[in-house]
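Dear colleague,

Please find below the structure that I am handing over to you, with its sequence. My findings follow directly after it.

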Amino acid sequence: MTNPKGLNHPTDRLDRPIRDLRISLIDRCNYRCPYCMPISEFGDDYEFLKRDARLSHKEIVRMATIMVGLGVTKLRLTGGEPLLDKNIVSLIERLATIPGVDDLAITTNGQLLAPKAQALRDAGLKRITLSLDSVNPDRFAQMSGGRGDLDSVLAGVAGAELAGFSLKINTVVQRGVNDDGVLDVLEYFRGTSHVVRLIEYMDVGNRNGWQREHVVPSSELLGHINARWPVESLQPNYWGEVARRYRYSDGGGEIGFISSVTAPFCGSCHRARLAADGTLYTCLFATQGTRFLEPLRWGASDEEIGNMIRRVWLRREDRYSEQRAMSEQPLLPKVEMHRVGG
């Protein structure tokens, strides 16, 4: 599948265009997942950004509009937990009207989804990715840092279904933690329109105690799954799709594998990440970014901001996952995941 390019749209030093903007709407989260915000490091007294230190909705819409002019076609609201923003529906309404946006999505843990699903759909949201690491209540509670309620999340799934959404269900798999329940997650969603995507445990941020031996390679999981329910591979939906796609041979639906550790996909990465504090990062594992909060508030024109973004992208050469594959230990330091979203 070829690399799509557009007239006057920048490509980075590895010839990758900018197509996908992940917007961290809020850095606050109601969970403390051990692989992202372990409770030992991010307790109840952790100091999140104050409102005036975060981008306003007006500033988010402005940045998104400028970046669509540079080639972005997909917008995704992340967190933290984006549904903690009580005005998210009105923001989605505004983002949905930007000319050139082909896809508008959110990533959520689903805890607050049920009462908001229809309003999100009516506002113009096209897709939802839901993080769900187990369908066992005790294991689920453990993997949410004791903050999550499985029944509420499954109610969110049901509410999304009623609103007409087909979900992507993201499951981070850790050896010795939830790898023994992967087939249970798949069985729960088999026969539905939802797509479970199994994600190799990654060294996001600096505080999750990542060790390579905790990673369950996607190839290993595929073998277990194929022994239970034969599957066959599918072609990517688009250039740069991160998940390798499979379908059940018996027609039970589709699953995916995101294999950042054992099969890095840096070469086709076209994602930029805008943190809640207005910092633009060019990699999930970035060590530093470029601040846009001040230019947005100090009178820079759209053209000036666009040129700043263009320069950032033109010098981009991130390929962290490929570099990790050549190292015995994770590379430090990195921005925390709750600041830039998944």
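Please note at the outset that this is a predicted model. I begin with one point of local geometry and then turn to the overall picture and to individual residues.

**Backbone geometry**

Gly79 and Gly80 are joined by a cis peptide bond, with omega at about 5 degrees. Gly80 belongs to the loop that runs between strand 2 (74-78) and helix 2 (88-96). A second point concerns Asp15, whose phi is near 65 degrees, a positive value in a residue that is not glycine. Asp15 sits in the segment before strand 1 (20-24), and it is partly exposed, at a relative accessible area of 36%. Both points deserve mention because most peptide bonds are trans and most residues other than glycine have a negative phi.

**Overall architecture**

The secondary structure of the protein amounts to 11 helices and 12 strands. Along the principal axes, the C-alpha atoms occupy a box of roughly 60 × 45 × 40 Å. The radius of gyration is 19 Å, and for 342 residues a compact globule would have a value near 20 Å, so the two agree. Of the 342 residues, 54% count as buried.

The contacts carry a marked share of long sequence separations: among those between residues at least 6 apart in sequence, 73% join residues at least 24 apart.

**Surface and charge**

The protein exposes about 14,800 Å², of which carbon and sulfur atoms supply 49%. Its charged side chains comprise 44 positive and 43 negative ones, and the centres of these two sets lie 5 Å apart.

**Cysteines**

How many disulfides does the structure hold? The number is 0. For Cys269, the closest cysteine sulfur is that of Cys283, at 6.5 Å, which is too far for a bond; a disulfide would require the two sulfur atoms to be within 2.5 Å. The relation holds from the other side too, since the cysteine sulfur closest to that of Cys283 is in Cys269. Cys269 counts as buried at 13% relative accessibility, and Cys283 counts as buried at 11%.

**Residues in and around strand 1**

Asp12 lies in the segment before strand 1 and is buried, with a relative accessible area of 5%. Apart from neighbours within four places in sequence, Asp12 is in contact with Trp313, Leu314 and Arg316. In the same part of the sequence as these partners is Glu317, which is 305 residues from Asp12 in sequence but 6.6 Å from it in space, C-alpha to C-alpha.

Ile23 is a residue of strand 1 itself. With 1% relative accessibility, Ile23 counts as buried. Its contacts, leaving aside neighbours within four places in sequence, are Ile60, Ala64, Leu75, Arg76, Leu77, Thr78 and Leu274. By contrast, the C-alpha atoms of Ile23 and Glu220 are separated by 33 Å, at 197 residues apart along the chain.

Ile26 is placed in the loop between strand 1 and helix 1 (57-68) and counts as buried at 7% relative accessibility. Not counting residues up to four places away in sequence, Ile26 touches Arg54, Thr78, Gly79, Gly80, Glu81, Pro82, Leu84, Ala276 and His338. Both glycines of the cis peptide bond are thus among the residues that Ile26 touches. Ile26 also lies 9.2 Å from Gly341, C-alpha to C-alpha, although 315 residues separate the pair in sequence.

**Strand 4**

Thr129 is located in strand 4 (residues 127-131) and is buried, with a relative accessible area of 1%. Beyond its neighbours within four places in sequence, Thr129 is in contact with Arg76, Ile106, Thr107, Thr108, Lys168, Asn170 and Arg197. Arg76 is one of the contacts of Ile23 and also one of those of Thr129. Between Thr129 and Arg16, which are 113 residues apart in sequence, the C-alpha distance is 24 Å.

Yours sincerely

Notes. Residues numbered from 1 in each chain as written. Predicted model: local features only at pLDDT ≥ 70, side-chain atom pairs only at ≥ 80, totals over all residues. Heavy atoms only, no water. Helix = DSSP H or I, 4+ residues; strand = E, 2+ residues; numbered from the N terminus. Buried < 20%, exposed > 50% of the residue type's maximum accessible area, 1.4 Å probe, protein only. Rg over C-alpha atoms; globule rule 2.2 N^0.38 Å. Contact = heavy atoms within 4.5 Å. Areas by Shrake-Rupley, 256 points an atom, 1.4 Å probe, with all protein chains shown as cover. Lys, Arg positive; Asp, Glu negative; His and termini not counted. Charge placed at Lys NZ, Arg CZ, Asp CG, Glu CD.
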